[in-house]
Every structure is written in C-alpha cells, then in structure tokens.
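Biologist: Please take a close look at one part of this structure and follow its connections outwards. I should be grateful if each technical term were explained where it is used.

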Amino acid sequence: MMVSGSNFLQDFDITWGDGRGKIVNNGELLTLSLDKYSGSGFQSKNEYLFGKIDMQIKLVPGNSAGTVTAYYLSSEGENHDEIDFEFLGNLSGEPYTVHTNVYTQGKGEREQQFHLWFDPTADFHSFSVLWNPQTIVFSVDNTPIREFKNLEKIGVQFPKNQPMKLYSSIWNADQWATRGGLIKTDWTQAPFTASYRHFNAEPNNKPWMSQRLDPISEEKLKWVQKNYMIYNYCTDIHRFPQGFPPECSA
Ligand SMILES: *[C@@H]1O[C@H](CO)[C@@H](O)[C@H](O)[C@H]1NC(C)=O
C-alpha cells in the first residue's frame, strides 16, 4: 500500500514561467505565480486513461481579480478530450467563480459555473475528478458539484479512448475573467500565487472504476446545483436557439 504518494518532484514537471513555478519542501508543495511579465504552469509526467485524481489547492488570496487558475485533464491533438476546472479570481471578499467544462473529441461548450460555500483562498481545499467508463464527477471537498454521465446510448460522445495528463497554470485574463472583464488585474498586488499539495491518483484496478454517485452524494449534488450554480449551458437558450444538446434532457 502506498501512503500518500504525493511527491511533486516525482510526478510533475514545471513546464513554463521561467522560475515562477516552484516545487518546494522536498516535493510536498508546489506553487505557481503570475506577475506582469508571465504566468506559469505544470503538467503531470504520467497520463491517465480514467482516473480518480485529487489535489488540494489554495487559490490566490486577496485581490485576485483578473487572474485565472486553470486545473484540468487533457489529451493531445485536435480532437482532444478535456475535463476542466478554472478558477476566476475576484476582488477581496467577493466570490471566486469555479468554471467547469467537458470536451469530447474537440467539442466543448458544456460550461457550468459555481460559487463556493467557503473562501478557497483561506486554506487548502480538495478539488477532485472521478473519471471512469460510466461517469465524470467533479467534486470539491468530497461534495460533488457536477456530473457528466456516459450517455453514449443517446448519442453523446464520452471521453474513453484518449489518455490525459493533468495540467495547471495561472495567467492574466483580465480581458474577460472578472465581471466579464470590467475589473482589471491590479499589478501592485503581484505576484499572484496559487499553492498545491497532497496530489493523489488512484490506480485503475480499484472499485472507483465502477463507482457511481450514491444517494447521499446525489443529494449533495442537488444542493450545490440549487444553491451555488451561477451558469448552466443547459438553460442558456440564447446559446442554443435550435435546441439544447441531448445530454441536457437526460
Ligand atoms: C465576483 O463578484 C461578483 C459580485 O459578487 C460576482 O457577481 C461575480 O460572479 C464574481 N466572480 C467573478 C469571476 O466575476
């Protein structure tokens, strides 16, 4: 049995940012920073075909308006699959937006956005993806916030053939991120730093490969969707004047 397999030196490469991404404490902690000149990013050395992947993240504190911290699984190439978390910063005391999306065969347009029920900058919180042949579940501190089920039987593509790596990066997106781009990044607050610890990826031969949401998790998911979801592509009639994608009515 592996006791906390978390070692960033072993599992990840800092891929860009010219020193703004750092692995410290003998591989226990990773930090990504953004300043006026550049952001930074890392990627996993391993790739995953299905995964149960957990990471604790502490988002950029204070006035983080204009910054985006992306945390996602992605395959490569034009018809890639992708499972996305993106954290859009905000003014001090105003809520972060957690943006989620699922791409299959290069096609996304499945955004759901949430606010959180806690301040994600005050401490570390776990952000998880369960991806198995039946479902994709996005969770925050073990509370599911979104499920994308395998609905191939009604013609919705599902990621299942292309292995993905895990990526994260921080960059400036003040053109659009905070209140639709109204609030600009305040560079006097730089560097903006997000921190990561306790990465875990479960091996594939485990019960999670056939896991589905249990009734208690279904209830939690409903609670989040009712109280914290701020955008759902499945209700955005302007986006889909010809009718919603099939998964929206499943
Ligand atoms: C920032 O705060 C405002 C006001 O509370 C909120 O409407 C918005 O969704 C928050 N997030 C972003 C990314 O703008």
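Modeller: Let us begin with one pair of residues: Met55 stands opposite Phe127 in S10. This is a predicted model, in which local features need pLDDT of at least 70 and side-chain atom pairs count only at pLDDT 80 or more, whereas totals for chains, interfaces and linings use all residues. Residues are numbered from 1 along each chain as its sequence is written.

The two strands concerned are S5, residues 51-58, and S10, residues 125-131; they run antiparallel and are joined by 7 bridges. Strands are DSSP runs of E with at least two residues, numbered from the N terminus, and two of them pair if DSSP finds at least two bridges between them. Strand S5 also pairs with strand S14, residues 192-201, in the antiparallel sense over 5 bridges. In that pairing, Asp54 has Asn200 of S14 as its bridge partner.

Ile57 and Val129 lead on to the largest nonpolar core. This core has 43 residues, and Ile57, Phe87, Val129 and Ile136 touch the most other members. A nonpolar core is a set of buried Ala, Val, Leu, Ile, Met, Phe, Trp, Tyr and Cys residues joined through C-beta atoms within 7 Å. If residues up to four places away in sequence are not counted, Ile136 touches Ile83, Val102, Val129, Leu130, Trp131 and Phe148. Contact here requires C-beta atoms, placed from the backbone, within 7 Å.

Beyond S5, the loop between S5 and S6 contains Ser64. Ser64 is buried, because 29 other C-beta atoms lie within 10 Å; the limits are 20 or more for buried, 12 or fewer for exposed, and in between for partly exposed, with C-beta atoms placed from the backbone. In sequence, Ser64 and Gly89 are 25 residues apart, yet their C-alpha atoms are 4.6 Å apart in space. Setting aside neighbours within four places in sequence, Ser64 is in contact with Gly89, Asn90 and Phe192.

Asn90 leads to the ligand. The residues around the ligand are Leu88, Asn90, Glu94, Pro95, Thr97, Ala177, Thr178 and Arg179, each counted if its C-beta atom, placed from the backbone, lies within 6 Å.

On the other side of the loop that holds Ser64 comes strand S6, residues 67-74, which pairs with strand S7, residues 82-88, in the antiparallel sense over 7 bridges. Within this pairing, the bridge partner of Tyr72 in S7 is Asp84. Both strands belong to an open sheet of 8 strands in the order S1-S4-S13-S6-S7-S8-S9-S15, with antiparallel pairing. Its edge strands are S1 (12-16) and S15 (229-232), each of which pairs on one side only.

Strand S13 (165-172) brings us back towards S14, for Pro191 is found in the loop between S13 and S14. The peptide bond from Ala190 to Pro191 is cis, with omega near 0 degrees.

Two further loops deserve attention. Asn26, in the loop between S2 (21-24) and S3 (29-34), has a phi near 55 degrees, a positive value in a residue other than glycine. Asn26 is exposed, since 9 other C-beta atoms lie within 10 Å. Gln105, in the loop between S8 (97-103) and S9 (112-114), also is not a glycine, and its phi is positive at about 50 degrees. Gln105 is partly exposed, with 15 other C-beta atoms within 10 Å. In general, most residues other than glycine have a negative phi, and most peptide bonds are trans.

Note on methods:
Contact = placed C-beta atoms within 7 Å. Helix = DSSP H or I, 4+ residues; strand = E, 2+ residues; numbered from the N terminus.
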